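I sat down with this one to see how two chains meet. Here is what I looked up, in the order I looked.

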Amino acid sequence: MDWGLVHAYTPLFVTALRVTLMVSAGGVAAALVVGLLVAIVRLWHVPVLDQLSIAYVEVARNTPSLVQLFFLYFGLPKLGILLSQETCAIVCLAFLGGGYMAEAFRAALVAVPPIQHESAQVLGLTRRQAMRHVVLPQAMAQATPALVANVVFLVKESSVVSGIALADLMYVAKDIIGQSYDTVEALFLLVVAYAIILLPISAVGSAIERRFAYGR
Amino acid sequence: MGAEFLLQGATIKRLLVGLGVTLRISLVSVALSIPFGVLMGVLFTRKNRMLQVVLRAYLNFIRVMPQLVLLYVVFFGSATTLGLNFSGEVASIIVFTLWGAAELGDLVRAALESIPRSQYDSSYVLGLTQRQTFLRVILPQALSRLLPPSVNLVTRIVKTTSLCMLIGVVEVVRVGQQIIDYYRFDYPQGALWTYATLALLYFCICWPLSMLSKWLEGRNTR
């Protein structure tokens with residue numbers, strides 16, 4: 001390994017790291033919103049939307065992210081829907097992640113005992129107030145380990161956006177390997193960059209999981 | 001509609017051949033992951049400190065790295081550093097086996113550890129040998145806990161094989177792109193229909209597996 005080259009390529013990877021972080025953060029935030037909405041729709045059995053949500057979750061979870069991405073980026077323009085690479089990447093992660101987040105939220109919402117809903121209602125809270133102030137806070141604690149695992153999953157999946165030429169970590173590494181054959185240096189920086197992002201998130205996830213395991 | 005090309009010529013046949021490659025990579029990787037994963041899971045439950053550290057490090061590394069990064073490391077890295085020129089397909093199988101074995105190893109560990117100590121003790125008291133205890137008491141219980149997440153792991157592996165096209169394997173997504181290119185001028189809407197078809201093909205494989213996993217899990221909690 002040529003450390004001079006590693007040093008020289010580091011700025012490229014720092015820029016790419018920002019792209020990966022930006023896409024991941026956007027995707028995770030949108031996926032959390034989608035997931036929570038879908039989970040509540042399913043919990044309340046909102047007519048029509050309930051069935052659509054079931055279909056959406058199954059499609060999001062049972063098709064590859066790469067195919068979802070290519071459909072959004074190459075397929076949708078044929079219908080006149082043209083998205084930029086960044087938007088496409090974030091929408092793809094939101095679609096994929098929404099399905100996983102929905103399941104995590106739903107499992108946690110279902111685990112809140114029905115008496116909590118009933119008591120809240122007896123006390124005169126509306127369904128929305130009960131959800132916001134009584135059920136959701138309890139469910140959030142339960143859902144956190146699964147949500148963190150999904151965040152790690154989504155950051156990893158964000159590497160596929162290199163497939164639509166968005167200059168993330170994966171794309172920069174691919175570029176260096178293709179242009180100058182500095183394979184070892186590029187792969188080293190790639191692995192280090194992902195480790196820097198994901199090891200802390202994964203460590204926080206295990207810590208939270210251990211905390212909840214003691215509580216039980 | 002602009003989707004007739006999917007029924008023309010050898011399009012369907014070519015997609016199915018591509019799907020065959022996808023399934024071949026998935027099945028070989030799963031088949032190889034099972035023995036390595038079980039071995040890893042059993043080693044995990046040993047109280048050897050050194051072994052624990054090594055296995056943990058391996059599991060965490062594999063878990064944290066995107067599968068695409070692992071594909072690159074094995075495909076390009078082994079050629080430059082070890083002089084081993086794997087074909088794209090072999091590199092993919094190596095990566096999915098490394099990944100599958102690590103994930104399955106953790107599942108096996110969790111399943112074995114979920115069996116309470118009293119199950120072993122009761123079996124010995126009843127006069128069962130160690131072998132009988134494992135085969136007739138521990139294994140059936142561990143298996144029923146192991147199966148649902150393992151089936152999910154298979155689904156994940158099948159979906160993730162789509163990344164193999166990015167290191168040059170001609171699997172079903174790559175075949176789809178070739179079909180789009182071939183019909184580019186006659187059917188400009190090709191990309192829309194082809195990617196939708198690809199999603200449907202994956203769905204037809206992965207969805208039944210997901211349902212099976214859910215059903216197996218429901219059987220456990222009853």
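My notes below go from confidence to the contact itself.

**Confidence.** I'm working from a predicted model, so I checked pLDDT before anything else. Chain A averages 92, and 98% of the residues score at least 70. Going through the elements of chain A, I found the highest mean in H2(A), at 96, and the lowest in H8(A), at 88.

**Extent of the contact.** I pulled the residue lists next: chain A puts in 35 residues and chain B 38. About 3100 Å² is buried between chain A and chain B, and 75% of that area comes from carbon and sulfur atoms. Which residues of chain A lose the most area to chain B? I got A:Asn62, A:Lys78 and A:Lys156, which together make up 19% of what that side buries.

**Polar pairs.** I counted seven residue pairs in polar contact between chain A and chain B, with both residues at pLDDT 80 or more. For salt bridges, the rule gave me one across this interface. A:Glu58 pairs with B:Lys214, and their closest N and O atoms sit 3.4 Å apart.

**Who supplies the chain A side.** I then sorted the residues of chain A that touch chain B by helix. H2 (49–62), H3 (65–75), H4 (85–111), H6 (127–157), H7 (169–180) and H8 (183–215) of chain A each give at least two residues. H8(A) has the largest share, with 10 residues. By type, I tallied 21 nonpolar, seven polar and seven charged residues on the side of chain A that touches chain B.

Methods:
Residues are numbered from 1 along each chain as its sequence is written. Chains are lettered from A and ligands numbered from 1 in the order in which they are written. This is a predicted model: local features need pLDDT of at least 70, side-chain atom pairs count only at pLDDT 80 or more; totals for chains, interfaces and linings use all residues. Side-chain values use heavy atoms; hydrogens and water are left out. Contact means heavy atoms within 4.5 Å. Buried area is the accessible area (1.4 Å probe) that two parts lose on being put together, summed over both. A salt bridge is a side-chain nitrogen of Lys or Arg within 4 Å of a carboxyl oxygen of Asp or Glu. A polar contact is a pair of N or O atoms within 3.5 Å; within protein, one must be able to donate a hydrogen and the other to accept it, and residues adjacent in sequence count only if both atoms are side-chain atoms. Helices (H or I, at least four residues) and strands (E, at least two) are DSSP runs, numbered from the N terminus. Ala, Val, Leu, Ile, Met, Phe, Trp, Tyr, Cys and Pro count as nonpolar, Asp, Glu, Lys and Arg as charged, and the others, Gly among them, as polar. pLDDT is the predictor's confidence in each residue, from 0 to 100.
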